[in-house]
Amino acid sequence: VYHCAPGGTMIPFHVISGMNGAVMVLPRDGLKDAEGKPYRYDRAFYIGEQDYYLPQDDKGNFKKYDSPAAGMHEMLELSKGLIPTHVVFNGAVGAITGDNALSAKVGEKVLFIHSQANRPSYPHLIGGHADLYWVGGSFSDTPLTSQETWFVPAGSAVAAAYEFHQPGLYVYLSHNLIEA
């Protein structure tokens, strides 16, 4: 996982402002399944999960600032409670739904790469279990199999592979159901 790191309070401010992502490097000889055999996938989807801490006024409306720096102090104070006002995938509400939905065909193998720079996350694909799951995104380790929910420690990324056997809508969400 990478994030902007200019120093001091700017580090957490940049992280809670969505300035983070992940870089994953595949092994030179490709991915291997749990039995050590070559594993090939048809497409990869990156899901970056961000948590935002947006202050509200006394009427419950989200505050607007003339510049990001103008809201920095209030956003950092709010973030100390670790209860985000918004949790989103790929930076915005609806970034992977509707017209932006991730799609695959029956029979395709998809590699999901999920990162979270600030808090633990529990991604889950409703309707499927990961065929392969690389803890911490470590492709040199033997992947786990048949994992329903994938644990992403704060400041980490994971990778999970799934082959779609049936047509349909497969909802991708955080299995922290309080926030889902």
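This is a short walk through one protein structure, from its overall layout to a few individual residues.

Okay, hi everyone. One thing before we start: what you have on screen is a predicted model, so please keep that in mind as I go.

Let's begin with the whole chain. The protein has 180 residues, and 36% of them count as buried. If you trace the C-alpha atoms, they span about 55 × 35 × 25 Å along the principal axes. In terms of secondary structure, we've got two helices and eleven strands. Reading along the sequence, the order goes β-α-β-β-β-β-α-β-β-β-β-β-β. So keep those strand and helix numbers handy, as I'll use them to say where things are.

Next up, the pocket. How much space lies in the largest pocket? About 710 Å³. There are 32 residues lining this pocket, and the ones nearest its centre are Ile-96, Thr-97, Tyr-170, Val-171 and Tyr-172. Some strands turn up more than once in that lining: β5, β6, which is residues 86-89, and β11, residues 172-174, each give at least two residues. And what is the lining made of? It splits into 22 nonpolar residues, seven polar and three charged. As for how one looks for such a thing at all, rolling a probe the size of a water molecule over the atoms shows where empty space is left.

Right, on to salt bridges. Searching the whole structure turns up six of them, and I'll show you three.

Here's the one I'd like you to find on screen now: Glu-108 with Arg-43, where the side chains meet at 3.1 Å, N to O. These two come from distant parts of the chain, 65 residues apart, with Arg-43 sitting in strand β5 and Glu-108 in the loop between β6 and β7. Are the two partners buried or exposed? Glu-108 is buried, because its relative accessible area is 14% and the cut-off for buried is under 20%. Arg-43 comes out at 29% relative accessibility, so we call Arg-43 partly exposed.

The second bridge joins Glu-74 and Lys-63, at 2.5 Å from N to O. Glu-74 belongs to helix α2, residues 68-79, while Lys-63 is in the loop between β5 and α2, so this bridge ties together parts that are eleven residues apart in sequence. Glu-74 is partly exposed, at 30% relative accessible area, and Lys-63 is partly exposed too, at 32%.

Number three is Glu-77 with Lys-80, and here the closest N and O atoms are 2.8 Å apart. Glu-77 counts as partly exposed, with 40% relative accessibility. Lys-80, on the other hand, is exposed, with a relative accessible area of 61%.

Now let's go to the surface. There's a nonpolar patch there, formed by Tyr-2, Val-23 and Val-25, and together these three have about 350 Å² of accessible area. Take Val-25 as our example: you'll find this residue in the loop between β2, residues 20-21, and β3, residues 31-32. Why do we call Val-25 exposed? Because its relative accessibility is 68%, and exposed means over 50%.

Another surface residue to click on is Arg-40. This one is in the loop between β4, residues 38-39, and β5, residues 43-52. Arg-40 has 60% relative accessibility, so Arg-40 counts as exposed. If you'd like a sense of distance, go from Arg-40 to Asn-90: they're 50 residues apart along the chain, and their C-alpha atoms are separated by 25 Å.

Last stop: backbone angles. Which value does phi take at Leu-82? Near 55°, which is a positive value in a residue other than glycine. Leu-82 is in the loop between α2 and β6, and with a relative accessible area of 52%, Leu-82 is exposed. Ser-146 also has phi near 55°, again positive and again not a glycine. That serine is in the loop between β9, residues 132-134, and β10, residues 156-163. Ser-146 counts as exposed because its relative accessibility is 51%.

That's the tour. If you want one place to go back to, try the pocket, and start at Ile-96, Thr-97, Tyr-170, Val-171 and Tyr-172, which lie nearest its centre. Thanks, everyone!

Key
Residues numbered from 1 in each chain as written. Predicted model: local features only at pLDDT ≥ 70, side-chain atom pairs only at ≥ 80, totals over all residues. Heavy atoms only, no water. Helix = DSSP H or I, 4+ residues; strand = E, 2+ residues; numbered from the N terminus. Buried < 20%, exposed > 50% of the residue type's maximum accessible area, 1.4 Å probe, protein only. Patch = residues over 30% accessible without salt bridge, like charges linked within 9 Å, V, L, I, M, F, W, Y side chains within 5 Å. Areas by Shrake-Rupley, 256 points an atom, 1.4 Å probe, with all protein chains shown as cover. Salt bridge = Lys/Arg side-chain N within 4 Å of Asp/Glu carboxyl O. 1 Å grid on protein atoms, 1.4 Å probe; cavity = no way out; pocket = protein on both sides within 12 Å on 5 of 7 lines; lining within 4 Å. Points joined across faces, edges and corners; volume = space filled by probe spheres on them. Nonpolar A, V, L, I, M, F, W, Y, C, P; charged D, E, K, R; others polar.
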